[in-house]
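Open the model in a viewer and keep the selection tool at hand. The stops below go from helix packing to single residues and backbone geometry.

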Amino acid sequence: MKNYERAENCITPCYVFDESEMKRRITTIRESLPDGVVLCFAMKANPFVIKAACDEAELLEVCSEGEYRICRHNGISNDRLTISGINKDPEHMRELVSSPEPIHRFTVESATQFALLKSLAHEFDTIVPALFRITSGNQFGMDAALARRLIAQSRGDAHIDFRGIQFFSGTQKSSPSRIVRELSKVDALIDTIREECGVKIRELEYGPGLPVDYGETDETARAARDGEFLATLHDALAALRFDGTVILEMGRAMAASCGTYLTTVVDVKENRGHSFAIIDGGKHQISYYGHELALTPPACRAVPAHDNPDGTVWTVCGSLCTANDILIKQFDASALEIGDRLVFPNAGAYCMTEGISLFLSRDLPRVYLVDGAGTMALVRDRIETARLNTCQEQNA
Ligand SMILES: Cc1ncc(COP(=O)(O)O)c(C=O)c1O
């Protein structure tokens, strides 16, 4: 049993993020890829582990002013940050472009963003290092034709340092061959930009969208699938004609395995012949692909595990006042009792930040970090959300 699974060591509901697992995972990814690939952690996946990420990965991808502030609070310097995102607040960009500590890269997602960055660079007489994001057909980035026009324009502008392109089409890729197809198209686009715009692309920032199987309980099967994706990514990168720097931006593939979500069973009952276990957390606190209506049951363990001689199958429900708050529909791994803990692995990415955490005004869970020596520290206490869900004058 892990230290944090013991009731005396942490109060549920909570997340526990293991920094050494985060580092181990990034090291595994690096070792699986061709030499020279630069790694960038998309911090939206988990802002609590950015320090551990920065020990192993070169860069962080930052998509909002809030994320930027978190980096600053953690002492992470601007030269480790790629400033990304479709809504770049002009005042925030002003702060960043005029900063004496230069930002590593800015992505450009539209003609409007290009105009903003250009005008700020001129105003402060500085140089903005830019990556143009190419769309995959959704609201992100821009058409390749527009990118080519803007890249050609930036050629004559001493204030724009055109570094290259960014491409991310989506997360949870279902097949490794999709990565091969995407990289081959990006490679062709790089050739076209060089030929048409007369500029050399020095950097390709690519998000492979590697999948994490939240339902898989067999570690060998999980590792085999992961290995297949990483090997394909390796070969596709090695086959590129592009000979500049490849930066891989990833969120869940780096962070998922470092996290555990812990809850406690607070009630058990049988309603019309069905066994229900009510836990002190809920789906507002653990969000992962395929969890809607518990269609994809997540991996989960009960601690302690009791014999289940009757073969009772549980519906595990959270604390929200909605019939939708079901985490697992057919949990039969253990008999459940009030006070048992349910341990959800692979909760290190998005689970915490994507949930509907304000619903029902329940508290935000505690967060614990585990360091390399296995020491646990409470790094965020429970936060009351009642104050956020009421008129401001009532909080005064
Ligand atoms: C631009 C960009 N890059 C990378 C990522 C990380 O994706 P993943 O968690 O699939 O690695 C995201 C996630 O939304 C993203 O928007």
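Angles between axes under 35 degrees count as roughly parallel, over 145 as roughly antiparallel, 65 to 115 as roughly perpendicular and the rest as oblique. Axes are lines fitted to C-alpha atoms, for helices over the stretch in contact, and angles run from 0 to 180 degrees between N-to-C directions. Helices (H or I, at least four residues) and strands (E, at least two) are DSSP runs, numbered from the N terminus.

This is a predicted model, in which local features need pLDDT of at least 70 and side-chain atom pairs count only at pLDDT 80 or more, while totals for chains, interfaces and linings use all residues. Residues are numbered from 1 along each chain as its sequence is written.

**Stop 1: α7 and α8**

Select 176–197, helix α7, and 219–238, helix α8; their axes are 9 Å apart at an angle of about 15 degrees. The two helices are therefore roughly parallel to each other. Their crossing is right-handed (the near helix is turned clockwise from the far one by less than a right angle; anticlockwise would be left-handed).

Now show side chains. Pro176, Ile179, Val180 and Leu183 of α7 meet Glu228, Phe229, Thr232, Leu233, Ala236 and Leu237 of α8, where contact means C-beta atoms, placed from the backbone, within 7 Å. By class, this contact has eight nonpolar residues, one polar and one charged. Ala, Val, Leu, Ile, Met, Phe, Trp, Tyr, Cys and Pro count as nonpolar, Asp, Glu, Lys and Arg as charged, and the others, Gly among them, as polar.

**Stop 2: α6 and the end of α7**

Keep α7 and add α6, residues 144–155; these helices pack at about 45 degrees, with axes 10 Å apart. α6 and α7 are therefore oblique to each other, and the crossing is again right-handed. From α6, Ala144, Arg148, Ile151, Ala152 and Arg155 meet Leu189, Ile193, Glu196 and Cys197 of α7. The residues of this contact divide into six nonpolar, no polar and three charged.

Centre on cysteine 197, in helix α7. Is cysteine 197 buried or partly exposed? Cysteine 197 counts as partly exposed, because 19 C-beta neighbours lie inside 10 Å; 20 or more would make a residue buried, 12 or fewer exposed, and partly exposed is in between. Beyond neighbours within four places in sequence, cysteine 197 contacts Arg148, Ile151, Ala152 and Arg155.

**Stop 3: α3**

Go to 65–73, helix α3, where Glu67, Tyr68 and Cys71 are buried. They lie on the same side of α3, because they cover an arc of only 100 degrees around the axis, taken over the directions from the helix axis to the C-beta atoms. Their cover includes α2 (50–56), β3 (59–62) and β4 (81–83). On the other side of α3, select Gly66, Arg69, Arg72 and His73, which are exposed. After α3 comes glycine 75, with a positive phi near 70 degrees.

**Stop 4: backbone geometry**

Most residues other than glycine have a negative phi, and most peptide bonds are trans. Select threonine 12 and proline 13, joined by a cis peptide bond with omega about -5 degrees. Valine 303 and proline 304 are also joined by a cis bond; proline 304 sits in the loop between β12 (301–303) and β13 (314–317).

Finish with asparagine 346, whose phi is positive at about 55 degrees although it is not a glycine. Asparagine 346 is in the loop between β15 (341–344) and β16 (366–370) and is buried, with 23 other C-beta atoms within 10 Å.

Definitions and conventions. Contact = placed C-beta atoms within 7 Å.
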